Amino acid sequence: FVHSVRVNAAATRAYLSYWNLGTVILDISRPSQPRFLGRTTDSQGDAHSTAITPNGRVLIETHETIGGRPSFWDISNPRRPRLLSVFKPPARLIADARKRGAAGFTLGVHDAKIIGKRAYFSWYALGVVVADISNPRHPRFVAQFLPPASRDPENQFCAKQSCTYTWGVYPTLKYVAAADMVGGLWVFRAR
């Protein structure tokens, strides 16, 4: 099934996060007649969402699965996307999240957004993870914003304990907004 859709700035390409099929790339220059161009093929599965670099040549694909990591794809030839890299946060971030009780699905990435040469990832138990993507073959960790753990009033995400469950991120040039499903909305300044 299609989870989410992103369109390029010119509204000529659509990128469909097609769960088990990866990201399907369509030519939508004639919206009444979309044409299949290609798709990513990543063994992580559960293609959840995408972000496209400002030059339109690199696609970041997130995977909403246990331990899912963002993959970087060269889409300059949309008929043959090439995997460039898979971004892994520093091991200490995962270890810290595990110490706080995070496991499985909560250690995976949710969404990606791009501002300039940085990608901002909402990463459930890791909060917001920021990466320098000036070289998409070697994305580099820059920073983490971790909202304080909060009690889950409905016991849906972290029953009988406190946790962080960062679901969304929206960066601007001045501020970053992060939505935590348990702890609420956080606004912080990225440096």
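Which residues is T50 in contact with, once we leave aside its neighbours within four places in sequence? Hold that thought, everyone; I'll set the scene before I get to it.

What you have in front of you is a predicted model, where local features need pLDDT of at least 70, side-chain atom pairs count only at pLDDT 80 or more, and totals for chains, interfaces and linings use all residues. Residues are numbered from 1 along each chain as its sequence is written, and side-chain values use heavy atoms, with hydrogens and water left out.

Okay, the overall picture. The protein chain has 1 helix and 17 strands. By helix I mean a DSSP run of H or I with at least four residues, and by strand a run of E with at least two, numbered from the N terminus. The radius of gyration is 17 Å, close to the 16 Å that the globule rule gives for 191 residues, so the chain is as compact as a globular protein of that length. That radius is taken over C-alpha atoms, and the rule is 2.2 Å times the number of residues to the power 0.38. Along the principal axes, the C-alpha trace spans about 50 × 35 × 25 Å.

Now, how much is tucked away? Of the 191 residues, 50% count as buried. Buried means under 20% relative accessible area, exposed means over 50%, and partly exposed is in between, using a 1.4 Å probe and protein chains only. The accessible surface comes to about 9800 Å², and 52% of that belongs to carbon and sulfur atoms. Those areas come from the Shrake-Rupley method with a 1.4 Å probe; for residues, only the protein chains shown count as cover.

Back to T50. This residue lies in strand β5, and at 2% relative accessibility it counts as buried. Leaving out the neighbours within four places, T50 is in contact with R6, Y15, S17, T23, L59, I60 and A112. Contact here means heavy atoms within 4.5 Å. There's also E61: T50 and E61 are 11 residues apart in sequence, and their C-alpha atoms are 4.6 Å apart in space. And for the chain as a whole, take the contacts with a separation of 6 or more: 40% of them are between residues 24 or more positions apart.

Did you spot I60 in that list? I60 turns up again in the largest nonpolar core, which has 22 residues; I60, F72, F121 and L126 touch the most other members. A nonpolar core is a set of buried Ala, Val, Leu, Ile, Met, Phe, Trp, Tyr and Cys residues joined through side-chain atoms within 4.5 Å. At least two residues of this core come from each of β6 (58-63), α1 (91-99), β9 (111-115), β10 (118-122) and β11 (128-132). The largest share, 3 residues, is from α1. Apart from this core lies another one, of 8 residues, including V128, V130, V169 and A178. Why would such groups form? In soluble globular proteins, nonpolar side chains tend to be buried together.

Zoom in on F72 for a second. Not counting residues up to four places away, F72 touches a long list, among them V58, I60, L84, F121 and P139.

Next, C158. You'll find C158 in the loop between β13 (150-151) and β14 (162-163), and C158 is buried, with a relative accessible area of 4%. Beyond the residues up to four places away, C158 touches S150, D152, C163 and V182.

Compare V2, in the segment before β1 (4-7). V2 is partly exposed at 35%, and its contacts outside the four-place window are L16, S17 and Y18. From V2 to S150 is 148 residues in sequence and 32 Å in space, C-alpha to C-alpha.

Two backbone oddities before I stop. W19, in the loop between β2 (13-17) and β3 (23-27), has a positive phi of about 50 degrees although it is not a glycine. W19 counts as buried, at 15%. D46 also has a positive phi, near 50 degrees, in a residue other than glycine; D46 sits in the loop between β4 (35-39) and β5 (47-52).

Last stop, G183. G183 lies in the loop between β16 (176-180) and β17 (184-188) and counts as partly exposed at 24%. Try finding G183 and L84 on the model: the C-alpha atoms are 35 Å apart, with their positions 99 residues apart in sequence. That's me done, thanks!
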